[in-house]
Every structure is written in structure tokens, then in C-alpha cells.
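Opening the notebook on this one. I want to keep a short log of what I look up, entry by entry.

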Amino acid sequence: MMTRLSIHVLAGHVLAGFLLAAPLLAAGCAARDVPAARFANAPPVHQVDDRRDVPARPAARAFLHALYHYDGTVQRRLTRAMELPRGQRALGVNALDEVPDSTWFTNRIGVRDLTLDELRTGPGVLGTPELHRPWTVHSYKAEGTELNLIVTDARGIRFLLKFDTPGYPEQVTATHVIAGKLLGACGLHVTDDHVVVFQPDDLVLAPDATSADIFDNEHRLLRAELDALLRRTPHTPEDRLRAVASRWLAGKALGGPPAEGVRDDDPNDRIPHQLRRDLRGAYTWFAWLEHVDVQEGNFLDTWVEDSGRHYVQHHLIDFGKAFGVMNTTDHNPRPGREYWLDFATMARSLATLGLERRPWEGVPASPLRGVAMFDVDSFDPDGWKPQSPAYLPFLTADRFDNFWAAKILIRFTREQIRAVVELGRLSDPRAADYLTDTLVARQRKIARTWFERVNPLDRFAVVTAGAGASLCFDDLALVYRLGATAGATEYRVAAYDAEAHPLGPAAVVRPDPAGHACTAALPPADYAILRIATARPGFDGQTFVHVARDPATGALRVIGIWRS
Amino acid sequence: MTGRRCKGFARVAAMLAAAAATPAAADPVADPPAVRPEVASATVPRPAGPDAPPAAAPGETAASRERTWADVAGAPVPGAESGRIDPPDGDSIWRLGLRGVLFVPRVAADVVLSPVKLTAWAYDRYHLNELYYRVFFNDARTIGLVPTAAFDSGYGISAGVRFVDRDLAGAREHLSVEARAGGRYSQAYKAALQSGDRLGSHLAVELDGQYELRPKDLFWGIGNHDDSVRPAAPVDPRTDPAALDTRYHERIARVAGVIDARLIGDLHLRSSTELTDRTFGASAASDLTAGSVPIDAVYDPMALVGFGGVRSLYSELELRFDDRGRATYFEPAALYSAGSLAAVFAGRTHRLDQAPDYWRYGLDLQHFFRLADGPRVLALRVRGEGVSGTLAEVPFTELPQLGGADDLRGYPFDRFRDRVLAVGSAEYEWDVSGILMASVFVDAGRVFDALDALEARHLRVGYGFGLQGHTEYAFGFRGSLSSSIDGGLFLNLSFNQVFGLDERVRRR
């Protein structure tokens, strides 16, 4: 109902001139090469309201690891294929092909330059608990071989302490913090994590501290048991303990969102998750970070209270297996290059008697302390695969989603990446250098890939000069110097009216050396569609920019972007 | 497609006309956020106003402040942000029709696979792995009960339970007691003790005892003869070439001890001793499988040396170099991808039942050529074994044997036996996933009646395709589909690694 109402409202802003053309629009299409997308003459939406009150707490979803991966790898994958889903462009995208802010995603580095301090701080405002010792241990829960302690610092703020995997010092803790901060800067909602170094004496047992097993059987946690647990964890060369302190998320935990469909008991959750641009586009960010541990259990929804109202906030958690850490700690070079059970790869391997070379072959584990199996050469931005195919948004992601994500990703400067890497507090400075260099190289490889799959024009703006107006834009492949050259690039610009009738002959414009270009004067139509076809050696692609007159000012403005 | 779009434009036009008739000021929903003036880029700093990030509180960074419900009140709900006014895409009639056709197969697939799904659910929901250890093991997981199952080609499935104590006296001494039934066994019991680290890193001692009742062991005659028809009367297998599937029952009681001394590096000297007591008889009709007959229906029991019972003491010395293993820790530890094995042994069987003593000798050479990552491996093996006694002296069960899932695949279990065997294998293995290896192999060999009769003629050649399942540390199974130049098709499932060592004191 609201959707129909909103469209109705937006339609109310349409120019009268466009309405005059309506009968002609209904009469038929003159130009078949203009896509059907049409946009209301209205401002683009930069935020959506998915914080409407949800007074009843949605049900918590239990994450069943084996079931999730079996279903996502075999059964549901099979039955979904038999449902013949059509390829569908992402939803949750505004008229400018961008993602509005929501409880899932907040535009951060994608819309403005973040300072180094902002990047270091991330979403948190309270800072590291390292300065606020001692920490009171409240509970310990056994999760396989992992040691997880729930503590509060001297300020009373609750954190989860997680430790490195024995034999792999600094890998999990550094990776957790670096990957989390980078994903947060991209716009996802993440936990507030810090690498902390401390002494066992900094931990004080709460009088009611408990230890729970996997069956939730609790017993009182005693100092001797805690000390025994801490002895098993890797120590720094200075014989101190090192962990990642992850601030406890506010609200009631609801488990991860389903990878397919919506959370039925959350009325704000209206877009099937496999169709969300922000979740689909995250494929590229996860690929950048080699964050292969993608599963429902590494997402966490919380039912939060906000000035008397409640709604569901969506977070990502647990980044410690990124940067190839899962490959090294699990002794498996495949994640990132093939699924744990990859039927296509298996079939090829069987058919070729294993003669086909796989992309993970020969990838070395780094000798640097704190660095895992993380490289550039074996990285394929388009062929990257997480550990499991169960996370559906990554299967439905298309080139437009990845282009959107790459646009955000390429905005990180080396200095910014280095600042975040330093949060990992790696003891070997060569490790920080290596991670920075690798992240930058993978970032550019990603951008090159997706900027060659989608016309990389962006930052469209109508610029008024004198009596006329023209459309200016940036060619991101040139702006970021990704191999394309301005001299070999040209844009053929053709204008159409709303009915896709040509508005005069096409014109050719060329970019300046910085990758910036402007069209000739825009046609005087009230609604025009500009088809900008980019041509340079090895690439051609087109973008359709819809411009219309603002009914309030009479000035032309961009009201829609359609990439094809 | 275009035609459908054009119809859509008509609807767009109608929608726009209707919108124009409704003054925006009268809309019950608040105005959407202000647009950035003239600039459509999402990468340009946003202006102040309702679209701007909320003001930062003292101490907060602009990026850190998340929006509240008050910040977004009045914004469109999710799904209404696109600004699109053209009609949405829908499924084509063809897609809808085909989807209807596939409805029943899809439901059928769901139903068929539901037991697997239910198992996965139960595994997670009830933490079955943890539950197993909780119920059957101590907290340190050193003492507990392990269910066992095995499948022997030609025999079927056996199952049982094993009690283990993996740290008997604090130095990783290993005690196991096992009982099983089914398949090859009507009853089987085994107890074993290994010294672990108790005697240091250069010396290990193993002791074990077994008692087995096997109702239907295979005997195909003696020699390298082709399959034959059933003779009219029982024949002497030492002289008659009759070769067909016959069965006998066997009772085995044995105790064995092994001392393993690591001389240097991967070079070991192993001293083994075994005391065995065996009795035999023809299989009962109820234990026979299709196509098999009791041993005494084909072979004269009086000519089957040892058929009346065997009691013996066997002592052996073996020199073994073994550096087989994985090349890198990115390969499964449970499988060999590099290294070699070279073992030579000689042992003396001392008959305790007044029968003549004899020697057993042999060698086993293996090398794993790691061809590439994965790993891809070319595994080569040559094995030879012989006994010094004559066919009139060596019990028929003690003759070297070929055939089955491990030696000379493509032939039935223990298809060939005689005084000497020689077999060579070449196997190319490659990984098809992180938990599965595939292989193609060819085995060639035969048995001989004497060491000086060795020749490369009349070889039996088997070949096939195999799959090995494993985790990083544990070997799972080895299945193979094999045939031979003599025909036949054999599906074997084994729980031993390829080229497993056939230790004489614990042999079949």
C-alpha cells in the first residue's frame, strides 16, 4: 500500500510538459534502443524509513550450521533452480542507481571523504577498552576450539574478547579489526572492534562468572579454569595476551537474517534479501577482503530501542577469517577460489582427470607474522567464491551491483587503507606494508574488472553556463587511472524524449585528461534521456541519464540513471 | 519485450495524468528529502538539510552517528525508493508455464532429500557430534566407545564397537578392545595395546590379540589359473587348475607383539612375533552367497594343507624406511602425496603341530611422485612375497594371495594364491575437492609356484577408477570400480588407504 502511495506522490512532481507528451508516449516506441526505465521528476531518495515501530520483538533465528550449508549447497539450490527464477536487477536502489541509507546500509565513504580519524574510529564512539582496565569476566562459552570471553571494562561497557588461533599469531585479531573497519567504511553496519594487548591479571572474575558448554549447561567459572584457558591462547613475544575486543551490540539479538526472502515478522523488512543491492554488492567488498566466511551466522540482527520505538538493525559480525585466515587455519587453499563442495569444479576435475589448473594452486601462505594466504595474482574479482554458495545474495549479484560496490571501494586512498591496517597492530611492520599493498592492488583489480563490465561514468551533474545547460560527468576509469586513456576515449551522446524519439543528431564529446567531460547544450525538452555511449579500445558501454526540469526552479536536473 | 514496454508506457502516461490531478501539497505523506542541487552524483558532499547526516554529538565523529527513527520519519519505505514509473518486469508466460511443469519434480526432490535435511537439522539442533562425545567419552576425550563399520567386497557390511583409552598411563599409551559381527565375521574380537610415548621416541611396542569366527572365507584354488567350471568330483587344488568361488569357515585365535625401533630418521627395524591357532571347515549352506559353493564340494579337504587345523609361531624382522606423507599442510594429512616406502622382511613360521617349518620373505617398494598442487600424485608400487615351503607344507591360508580391494584390483578377493606373488601398481590420484580424491589405476601381477618361475608372461591386469573421501586429518573411505583383462566388474569399498601395509602378524 505504501509503495503505491509513494509512487503516487512522486508522480505528482512530474512536469506538465512531460504530461503533455503522455498521449504520444502511449502511442508507441520510436526508438527501440532506449531502455524502458522512466523516472518520476522528483528528488532521488537518499534514505528510507525502515525504522518504523516494531513493538513486538521478532523471533530469534537459530543458525544451524550444517543445515544451512547443506541446504544452500545442495537441496535449496536444486529446488530453487527448478523454480526458474529470472535474473533480476537489484532493488533497494534509488533513481540514481545508489543505495539509500537504511538499517542495512549507511552511505559513508561512498558519499564523502572520510578523515583518517573517522576511519579509525569506525561506527564506535567509545574507543578501546584497553585504557579502561581491569576487565571483569562474566562468562566463557566453549565454541569448538575458540575461546570467547564476555567482559565489561572499567566503564561498565560490555565486550566480547576473542583470541588468535594457536599457531597463527595475530592473524585472527588483526584481520577481524581491519576487515571490520573497512566494511564499516564501505557502509555496512559492523561491530566496534579493537585489538587489545593485556596481562592475565587484567582480567578479574565476576563473583557470578559462569562457563557454559555447547548445551548451555553452566557452571561457575573459577580462576584456575580461566587461567588454563588463557594458557592455551597464543601470547605475544612479550608474553602478553592479545585479543580482539568486540563491543557488545545493543538490543536483543535475533540471529542472522535469512539469505533468501525476508524476515516475516519484521514489517520493515520488505525487500527480499537476495534482491537487495547493498547485500548483493557486498560480494565485491568481501572479495576484496577475501572474507570467505560468509554465512548467516556471521550476520546479526538486533531489535533495538530508539526513543521509545523499536525496530530491527542489521549488522555484520566476525571478520577474523578474512584475508585468507580461514585458508591457513583450516589448511585449505580453496576458499575464495572454489566452494567447499563445488559441483562445477568437481565435474571439470573429473572430466579432465585433474589436468585443469585451479586458481588456488601455487598460492603461498605468507611467511610474515600476522599475514595469511592473501595475494593479488590468484585473485579474480569476478570469479571469487566464498566458502559456501549458501549465501544467496552473492549468487544473484550482477555486474551493476558490483559496479556500484566498486565505485565505493575505489574511493579508499592508500593512506586511508594504511591507517586502517595499522589498527591491526601487527608486530612486523612488513606485514602492514604487505597488507596495504595487497589491498590497494586488489582494490584496483576490482575496479578495473567492474569498470570494464559497466560503463564507468558517474557523478553526473547538470551544469548551467550562460543560457544553456550541459551534462557533465566523470569517467571513473580515467579518474582513477585504471589503464584507460583520455586520448583514446570518446562519448557519443544522443538525446531522446520521454517516448524515446531522437531529439536531434548524436554528438561526440571527449574527456579532459582528468577524465571529466561535458556534453553540448542539453535539448530544450522538459524530459530528456541522454544516451552516453563510451567507446575506447576494448570497451564500449552506455549509460542513460534522465534529466527533467525542476518544477520549482525550472532548472534542469538529473532525475534518473539507467546503466546498461 | 519492446512491445510489452510500449504497452507499459501507456500505463505510465495514465499514471502521470492521475498524479498531475493530485496537488502535492494535499498528499498525506511528507515530502521526500531534498535533492542535492543540480548534482546527481552520490559522491559529492551532501548539503545540510533533512538529507544530511544528523549532527554529531560532542565526541562523536560525523560517520559514527547512526540514524534514528526520527531522522528518517517521512522518508519512503523500502521498495519505494527507485523513482521508477515504468511498469515492473514480470515473468514471461513461458517461464510461468515451465515453472508449473517443474512443480511436481521440485516437490519430489524436496521429499527425496528431506531425510538428509532432517539429519543435518538434527546434527545441528542436538549437537550430535558433541552429544556423542558427551555420552560415549570422558571429558578429556581419551576414553570412550567408538562405533565401527566396514565393508569387505564379497562379504558385506560388518559393524561393532570399540573401546579406546588413548592415554592409558599418561604417555599416550593406546588401548583398544573391539567386538564386531556381520559381513566377513560371525564374531570378531580384538584387543590391542600400543606403548605410545612411554618408551621414548625411538622405541614402540605393540601387543594385540584376536579371536575371529569367519563363516565364509573365499578359496579359488591355487595358482594363476583362469576361472573354470565345477569339476565332477573334488580335486586336489595343488595339482588341478579348477578355479571357482568356494567358501570355508575359519576360527582364528592369535596373539602378536611388535617392537618398532627407529634407527635413524625414518628408518625403522621392526621385530614381530605371532602365535596363531586356526581351525577350518566347509561353509554351511546358510552362509553361502549366490554362485559360491562349499570348499569341499570342489576341493578335496585332504589335499588342502592345514585344513585340519594350524598352530604356529611366526617371528619376523623387517627393515622399513617410510617417509610417506603430505607435501604441504594444505594437503590432507590422511593421504600420501609425497615420499617413499622401502621395506624388506624375512620371517620364520614354526609349526607347533609337528608340520614342517618354513620361511616367509618379501619386499614392498612405494613411491609417491607429487606432480602438482592439489595434490596430483603418481603412486607406484611393487610388492613381492614368497614362502619357502612347498605346497605340501604351507597351509593353504598362508600362501601369498592376490585380488580384492587392495591388491590386484579388478579381481575377486583372494582370487589367486600360490607360493610366490609379484604385483605392481600404478595409480594417478588427483583431488576433485577438499574432501575427495579421484584416481585411475592399473594393477598387474600374478602368483607363481616358485621364485625361479617369475616371469612377465600371463600377467593378470586389473584397472579401474576410484574415489577417496577424507577430511583434513582422517581417512574416510576408498571406493573403486574396477575390471580386468579377464572381465568382470567389481565395486569395492575399503576403509584402508591405497597401498596399505599388509602386516604379516595381523594379516587377513
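Below are my entries, starting with confidence and ending with one residue.

**Confidence.** I note up front that this is a predicted model. Chain A averages a pLDDT of 92, and 93% of the residues score at least 70. I then checked where chain A does badly: over residues 1–31 the pLDDT stays under 50. The model still has 84 contacts beyond four places in sequence for that stretch, and I'm leaving them alone.

**Helix against helix.** Next I looked at α4(A), residues 65–82, and α4(B), residues 103–125. Their axes come within 9 Å and cross at roughly 175°. Angles over 145 degrees count as roughly antiparallel, so that is how α4(A) runs relative to α4(B). Which residues make the contact? On the α4(A) side I listed A:H65, A:L67, A:Y70, A:L78 and A:M82 among them. From α4(B) I picked out several, including B:P105, B:L113, B:V116, B:W121 and B:Y123. Sorted by type, the residues of this contact come to twelve nonpolar, three polar and five charged.

**A sheet in chain A.** I traced an open sheet of five strands, in the order β14-β13-β16-β17-β18, with antiparallel pairing. Why do β14 and β18 stand at the edges? Each has a single partner strand, so one side of each is left without a neighbour in the sheet. β14 covers 507–509 and β18 covers 556–563. Ignoring direction, neighbouring strands in this sheet are turned by 30° against each other on average. I followed one pairing further: β17 of chain A (residues 539–549) and β18(A) share seven bridges, in the antiparallel sense. One of the partners I looked up is A:L556 in β18(A), which bridges to A:R549.

**Chain B overall.** I counted up the elements here and got five helices and 19 strands. Of the 508 residues in chain B, 33% are buried. For contacts with a separation of 6 or more, residues 24 or more positions apart account for 56%.

**B:L213.** I finished on a single residue, which is found in strand β5 (residues 203–219) of chain B. Is B:L213 buried, exposed or partly exposed? It has 15 C-beta neighbours inside 10 Å, and so counts as partly exposed. Leaving out neighbours within four places in sequence, B:L213 is in contact with B:Y185, B:S186, B:Q187 and B:R251. I also checked B:S271, 58 residues away along the chain from B:L213: the two C-alpha atoms are separated by 27 Å.

Methods:
Residues are numbered from 1 along each chain as its sequence is written. Chains are lettered from A and ligands numbered from 1 in the order in which they are written. This is a predicted model: local features need pLDDT of at least 70, side-chain atom pairs count only at pLDDT 80 or more; totals for chains, interfaces and linings use all residues. Helices (H or I, at least four residues) and strands (E, at least two) are DSSP runs, numbered from the N terminus. A residue is buried if 20 or more other C-beta atoms lie within 10 Å of its own, exposed if 12 or fewer, and partly exposed in between; C-beta atoms are placed from the backbone. Two residues are in contact if their C-beta atoms, placed from the backbone, lie within 7 Å. pLDDT is the predictor's confidence in each residue, from 0 to 100. Two strands pair if DSSP finds at least two bridges between them. Axes are lines fitted to C-alpha atoms, for helices over the stretch in contact, and angles run from 0 to 180 degrees between N-to-C directions. Angles under 35 degrees count as roughly parallel, over 145 as roughly antiparallel, 65 to 115 as roughly perpendicular and the rest as oblique. Ala, Val, Leu, Ile, Met, Phe, Trp, Tyr, Cys and Pro count as nonpolar, Asp, Glu, Lys and Arg as charged, and the others, Gly among them, as polar.
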